[in-house]
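Colleague: I'd like to learn how to read a model like this one. Could you walk me through it?

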Amino acid sequence: MYEHLNYLYKFILVTILVATTIIEITRLYLGYLGNLTEKVPELAGFWLLTVLLQLPMQGFLLFNEDLVILPMERAANVLMVTMVLLELVIGFIALRKITRHQAKKFHLHQLNSNLVSSTQHISDPLERKGL
């Protein structure tokens with residue numbers, strides 16, 4: 001079936017398949033690292049790569065009728081697009097939860113550091129008087 005495509009579609013198809021493979025490896029690594037270590041930048045990178053690159057390329061492979069797609073290939077593309085959409089929703093929820101958790105930790109740290117510094121200021125006058 002690949003032989004029946006014109007030169008431009010052959011080039012586009014090979015380019016998209018190579019780019020999809022590289023982006024998928026990078027995207028899954030960022031998602032894994034961001035989720036396990038609770039790092040917001042890595043998880044946000046995973047989500048942005050999914051929205052901006054992976055979803056459009058998978059959509060092209062699924063919905064472009066000028067490509068000659070076999071039934072097994074179409075089934076695999078439908079499964080991949082479904083999984084990417086599911087990852088978008090779950091990734092957004094995880095990103096929102098981790099961001100809220102990190103903000104709470106930051107505010108708690110600020111509160112604790114303010115309490116420690118105010119306690120030191122209160123004890124300083126007592127120490128000066130020799131008490």
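Colleague: Let me start with a single residue: in which helix does I93 lie?

Modeller: I93 lies in helix α3. Helices here are DSSP runs of H or I with at least four residues, strands are runs of E with at least two, and both are numbered from the N terminus. Before going on, note that this is a predicted model, where local features need pLDDT of at least 70, side-chain atom pairs count only at pLDDT 80 or more, and totals for chains, interfaces and linings use all residues. Residues are numbered from 1 along each chain as its sequence is written, and side-chain values use heavy atoms, with hydrogens and water left out.

Colleague: Then how many helices and strands does the protein have?

Modeller: The count is 3 helices and 0 strands, so the pattern along the sequence reads α-α-α.

Colleague: And what is the mean pLDDT of the protein?

Modeller: pLDDT is the predictor's confidence in each residue, from 0 to 100. Where it is low, the predicted coordinates should not be read in detail. Here the mean is 86, and 89% of the residues reach 70 or more. Among the elements, helix α2 (residues 40–63) has the highest mean, 92, and α3 the lowest, 85.

Colleague: Back to I93: is it buried, partly exposed or exposed?

Modeller: Buried means under 20% relative accessible area, exposed means over 50%, and partly exposed is in between (1.4 Å probe, protein chains only). I93 counts as partly exposed because its relative accessibility is 33%. Across the protein, 25% of the 131 residues count as buried.

Colleague: Which residues make the nonpolar surface patch?

Modeller: Patches are made of residues with over 30% relative accessible area and no salt bridge; like charges are joined within 9 Å, and nonpolar side chains (Val, Leu, Ile, Met, Phe, Trp, Tyr) within 5 Å. The areas come from the Shrake-Rupley method with a 1.4 Å probe, and for residues only the protein chains shown count as cover. In this model, L86, V89, I90, F92 and I93 make a nonpolar patch of about 450 Å².

Colleague: What about charge: which residues gather in a patch of positive charge?

Modeller: Lys and Arg count as positive and Asp and Glu as negative, while His and the chain ends are not counted. Each charge is placed at NZ of Lys, CZ of Arg, CG of Asp or CD of Glu. On this surface, R96, K97, R100 and K104 form the positive patch. K104 sits in helix α3 (residues 71–128) and is exposed, because its relative accessible area is 63%.

Colleague: How many salt bridges does the whole structure have?

Modeller: Side chains of opposite charge can pair when their charged atoms come close. The cut-off for a salt bridge is a side-chain nitrogen of Lys or Arg within 4 Å of a carboxyl oxygen of Asp or Glu. A search of the whole structure turns up 3. One of them joins E65 and R74 at 4.0 Å, N to O; E65 is exposed, with a relative accessible area of 58%, and R74 is partly exposed at 30%.

Colleague: Which residues are linked in a network of salt bridges?

Modeller: That network links E24, R27 and E87. E24 pairs with R27 at 2.9 Å, N to O. Both lie in helix α1 (residues 7–37), 3 residues apart, about one turn of the helix. R27 also meets E87 at 2.6 Å, N to O. That pair links distant parts of the chain, with E87 in helix α3 and R27 in helix α1, 60 residues apart. R27 counts as buried because its relative accessibility is 0%, whereas E87 is partly exposed at 22%.

Colleague: Last one: which sign does the phi of E38 have?

Modeller: Most residues other than glycine have a negative phi. E38 is not a glycine, yet its phi is positive, about 55°. E38 lies in the loop between α1 and α2.
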